[in-house]
Structure formats: C-alpha cells, structure tokens
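The exercises below are worked on a single protein structure. Each one sets a task and then solves it step by step.

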Amino acid sequence: MPIVMRLDRMMAERKVSSNDLAKRIGISPVNLSRIKTGKIKGIRFSTLEALCQALRCKPGDLIDYLSEEESEKSMELGDVTEHHS
C-alpha cells in the first residue's frame, strides 16, 4: 500500500507510550495500535489533529506516500515495519 503510517517513529522520537498517547487523544489503545500498524482504511481529521497536537508535529510527519516502485523496493529490502497490505 502506498500510504505509510509513521506514527511509531514520531512516538519514539517524542518518547511517548501508546497508552499515554491513547489517553491524551481520547481513543482506545487498540485503535491507536491499528493506526500505528496501518491496519485502518481511514483516519478522521479530528483524530489526526489530536495526534498532531499531542506529538507537536504536522500530518506529513505521521503519514507518507510511496510510489508503487518505492513500495516494491522497500519490500524487497525487507522493510516490513513501514509497509502493510
């Protein structure tokens, strides 16, 4: 999938745990985990805004787009943590 979630990176940079972030933005830890792993079909702008406020970042810091070529190359290199089908 060309859309890649980079939430886990931002959380690590900010030293924020999943449980803490979930509480701060008002969603369940399970739903936050789904966002982190990319196992979602969409994300509400209100949730994205809350994530950006809590992590002091911009939407582009959390969401990235890879072309099919970039995605395939990354998969060949074994970068499974960044890409989910």
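**Exercise 1. Salt bridge between strand and loop**

Task: In this predicted model, identify the residue whose side chain meets that of Asp64 in a salt bridge, and place both partners in the fold.

Solution.
Step 1. The partner is Arg6, and the N to O distance is 3.0 Å. The cut-off for such a pair is 4 Å between the side-chain nitrogen and the carboxyl oxygen, so the contact qualifies.
Step 2. Asp64 lies in strand S2 (residues 63–65), while Arg6 lies in the loop between strand S1 (3–5) and helix H1 (7–14), so the pair ties together parts that are 58 residues apart in sequence.
Step 3. Asp64 is partly exposed, with a relative accessible area of 29%. Arg6 has a relative accessible area of 13% and is buried.

**Exercise 2. Salt bridge inside a helix**

Task: State how many salt bridges the structure holds, and describe the one formed by Arg24.

Solution.
Step 1. The count is two.
Step 2. Arg24 pairs with Asp20 at 3.2 Å, N to O.
Step 3. Both residues belong to helix H2 (residues 18–25); they are four residues apart, about one turn of the helix.
Step 4. Arg24 is partly exposed at 44% relative accessible area, and Asp20 is partly exposed at 33%.
Step 5. As background, side chains of opposite charge can pair when their charged atoms come close.

**Exercise 3. A patch of charge**

Task: Which residues gather in a patch of negative charge on the surface? Locate Glu72 and classify its exposure.

Solution.
Step 1. The patch consists of Glu68, Glu69, Glu70, Glu72 and Glu76.
Step 2. Glu72 sits in helix H6 (residues 68–76).
Step 3. The relative accessibility of Glu72 is 48%. Exposed requires over 50% and buried under 20%, so Glu72 counts as partly exposed.

**Exercise 4. Positive phi outside glycine**

Task: For Lys15 and Arg56, give phi, then find where each residue lies and whether Lys15 is buried or exposed.

Solution.
Step 1. Phi of Lys15 is near 55 degrees, a positive value although the residue is not glycine.
Step 2. Lys15 belongs to the loop between H1 and H2. With a relative accessible area of 75%, Lys15 is exposed.
Step 3. Arg56, likewise not a glycine, has a positive phi of about 50 degrees.
Step 4. The loop between helix H4 (45–55) and helix H5 (59–62) contains Arg56, which is exposed with a relative accessible area of 59%.

**Exercise 5. The largest nonpolar core**

Task: Which residues touch the most other members of the largest nonpolar core, and which helix gives the most to this core?

Solution.
Step 1. The core has 18 residues, and Leu7, Leu21, Leu51, Leu55 and Leu62 touch the most other members.
Step 2. At least two residues of this core come from each of H1, H2, helix H3 (29–37) and H4. H4 gives the most, with six residues.
Step 3. Leu62 is placed in helix H5 and is buried, with a relative accessible area of 1%.
Step 4. The C-alpha atoms of Leu62 and Leu51 are 8.7 Å apart in space, and the two residues are 11 residues apart in sequence.
Step 5. As background, nonpolar side chains tend to be buried together in soluble globular proteins.

Note on methods
Residues are numbered from 1 along each chain as its sequence is written. This is a predicted model: local features need pLDDT of at least 70, side-chain atom pairs count only at pLDDT 80 or more; totals for chains, interfaces and linings use all residues. Side-chain values use heavy atoms; hydrogens and water are left out. Patches are made of residues with over 30% relative accessible area and no salt bridge: like charges are joined within 9 Å, nonpolar side chains (Val, Leu, Ile, Met, Phe, Trp, Tyr) within 5 Å. Accessible areas come from the Shrake-Rupley method with a 1.4 Å probe; for residues, only the protein chains shown count as cover. Lys and Arg count as positive and Asp and Glu as negative; His and the chain ends are not counted. The place of a charge is taken as NZ of Lys, CZ of Arg, CG of Asp or CD of Glu. Buried means under 20% relative accessible area, exposed over 50%, partly exposed in between (1.4 Å probe, protein chains only). A nonpolar core is a set of buried Ala, Val, Leu, Ile, Met, Phe, Trp, Tyr and Cys residues joined through side-chain atoms within 4.5 Å.
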